[in-house]
Amino acid sequence: MSKKMVTLNELLEIKDFAERVTLVNKHGNLNNQITHVTIMEGPDLHEWVTGGEFVLTTWYAFSKSPDLQEDGFKKLAPRISAIGIKTGRFINKIPLKILQLADQYRLPVFEVKTAVKFRELVQTITSEIQNYQTNKTNMLIEVEKNYQKLIHTSLNSDDLASLVNVLGNQLHKNCFCLNHEGKILASWSRRGTRKQDFLDWTEKIKTGFNERIYTDAGFFINELHIFECYARSQLIGRFIIVAEGQLTEKERLIGQQGASFLAIKLWDHYETLQKTVERFWKEIKNGEIKSGEVIAEKLANLGFVQQKAYNLILFSKG
């Protein structure tokens, strides 16, 4: 899956964060995503959160009204991503019942050290969120530039290979395009990649198709990430990126862009092939082509495997 926002696991890798807090419950979900950080005091905390918060609190309100803390925490826990509670000011330790409830909701609870100023944590968390947002913006700008390149290439060339070259140069990964019959029409390769590698990958798609694993953008078979190309509700080809592990969000978006543009060219290719086949059959039916050698040559050019004999069934109206 693609990364949407900063997670707690990532925050714990930051020294300025990890040195100021201690994770004190066992079953909190550290993959929770943080959208913003807020400082809150009051028994009605749950009424002021919108989701994704890392809440910082001294537990002041509940220290004055401990009978309200369990009910208040039950309402708060499902609506936030994490909570940091400072000890040594209004409470000496985080109540055991609160930690047990947090585990039920898989909410990570962090004990904030007495000497730590909340503004220091706010600055650290906010900075990480802003860095992610800046990187996200830069990534989207790159994806948009790639989209413009695909438009320019599509308008100026009917060649599938030109589109695949644009995609390969952006991805820096082996990638290729198959038609509806599983034949390689175009590819982009990294240095050291052999033609046989592409043939092997194509065969792996055929033999491993039943073991494919679906994602939100397509499916993958081992290291082959496959984006299907549809036109007029018909599967007419596939675009494949070769990459170990998960694709980044940028790579996934480029893969989806590529499949959309390739589908247009693949449909043109498909229609041209169908018209060529129809014209060929008419030539045979009308007796314009009679030579077995010529028929065999044309069949080979159309992608038919040569056989000792061909069975032709001709239908006519009326």
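Leaving aside its neighbours within four places in sequence, which residues is F239 in contact with? The first legend takes that up; like the others, it describes a predicted model.

**View 1. F239, a buried residue in strand β13.** F239 lies in strand β13, and it counts as buried because its relative accessibility comes out at 0%. Skip the neighbours within four places in sequence, and F239 is in contact with L167, L171, C175, F176, H225, I226, F227, C229, G255 and L262. To find a partner that sits well along the chain, look at A259: F239 and A259 are 20 residues apart in sequence, and their C-alpha atoms are 5.8 Å apart in space.

**View 2. I236, in the strand that also holds F239.** I236 has its place in β13, which covers residues 234-242. With 1% relative accessibility, I236 counts as buried, the cut-off being under 20%. Not counting residues up to four places away in sequence, I236 touches L178, N179 and H180, then C229 and A231, and finally A263, L266 and W267. C229 turns up in the list for F239 too. The C-alpha atoms of I236 and L262 are separated by 9.6 Å, with the two positions 26 residues apart along the chain.

**View 3. Helices α6 and α7, side by side.** Here α6 (residues 118-156) meets α7 (residues 160-171): their axes come within 9 Å and cross at roughly 165°. Angles over 145 degrees count as roughly antiparallel, so that is the label for α6 and α7. The crossing of α6 past α7 is right-handed. On the α6 side, the contact uses E142, N146, K149, L150, T153 and S154; on the α7 side, S162, L163, V166, L167 and Q170. Sort the residues of this contact by type and you get 4 nonpolar, 5 polar and 2 charged. L167 of α7 is also one of the residues in contact with F239.

**View 4. Helix α5 and its buried side.** Which residues of α5 (residues 96-104) are buried? They are I98, L99, L101 and A102. These four cover an arc of only 160° around the axis, which puts them on the same side of α5. A bit of helix geometry helps here: an α-helix has 3.6 residues a turn, so residues three or four places apart point the same way. Turned away from the buried side is a face of α5 that carries the exposed residues L96 and Q104. The cover over the buried residues includes α4 (69-76) and β7 (109-112). After α5 comes R106, with a positive phi near 55°.

**View 5. How α4 packs on α5.** The axes of α4 and α5 are 10 Å apart, and the two helices pack at an angle of about 25°. Angles under 35 degrees count as roughly parallel, and therefore α4 and α5 earn that description. As in the α6 and α7 view, the crossing is right-handed. From α4 the contact takes Q69, E70, F73 and K74, and from α5 it takes K97, I98, L101 and A102. By type, the residues of this contact divide into 4 nonpolar, 1 polar and 3 charged. I98, L101 and A102 also belong to the buried residues of α5.

**View 6. G28, in a loop that reaches L107.** G28 sits in the loop between β2 (21-23) and β3 (33-34). Its relative accessible area is 17%, so G28 is buried. How far apart are G28 and L107 in space, C-alpha to C-alpha? The distance is 4.6 Å, although 79 residues separate the two in sequence. Not counting residues up to four places away in sequence, G28 touches D103, R106, L107 and P108. R106 is the residue with the positive phi that follows α5.

**View 7. Two loop residues with positive phi, W59 and N222.** W59 is found in the loop between β5 (53-57) and α3 (60-64), and its phi is near 70°, a positive value in a residue other than glycine. N222 has its place in the loop between β11 (219-221) and β12 (224-231), with a positive phi near 55°. Buried or exposed? W59 is buried, with a relative accessible area of 1%, whereas N222 counts as exposed at 54% relative accessibility.

Note on methods:
Residues numbered from 1 in each chain as written. Predicted model: local features only at pLDDT ≥ 70, side-chain atom pairs only at ≥ 80, totals over all residues. Heavy atoms only, no water. Axes fitted to C-alpha atoms, helices over the stretch in contact; angles between N-to-C directions. Parallel < 35°, antiparallel > 145°, perpendicular 65-115°, else oblique. Left-handed = near helix turned anticlockwise from the far one by under 90°. Contact = heavy atoms within 4.5 Å. Nonpolar A, V, L, I, M, F, W, Y, C, P; charged D, E, K, R; others polar. Buried < 20%, exposed > 50% of the residue type's maximum accessible area, 1.4 Å probe, protein only. Arc of directions from axis to C-beta.
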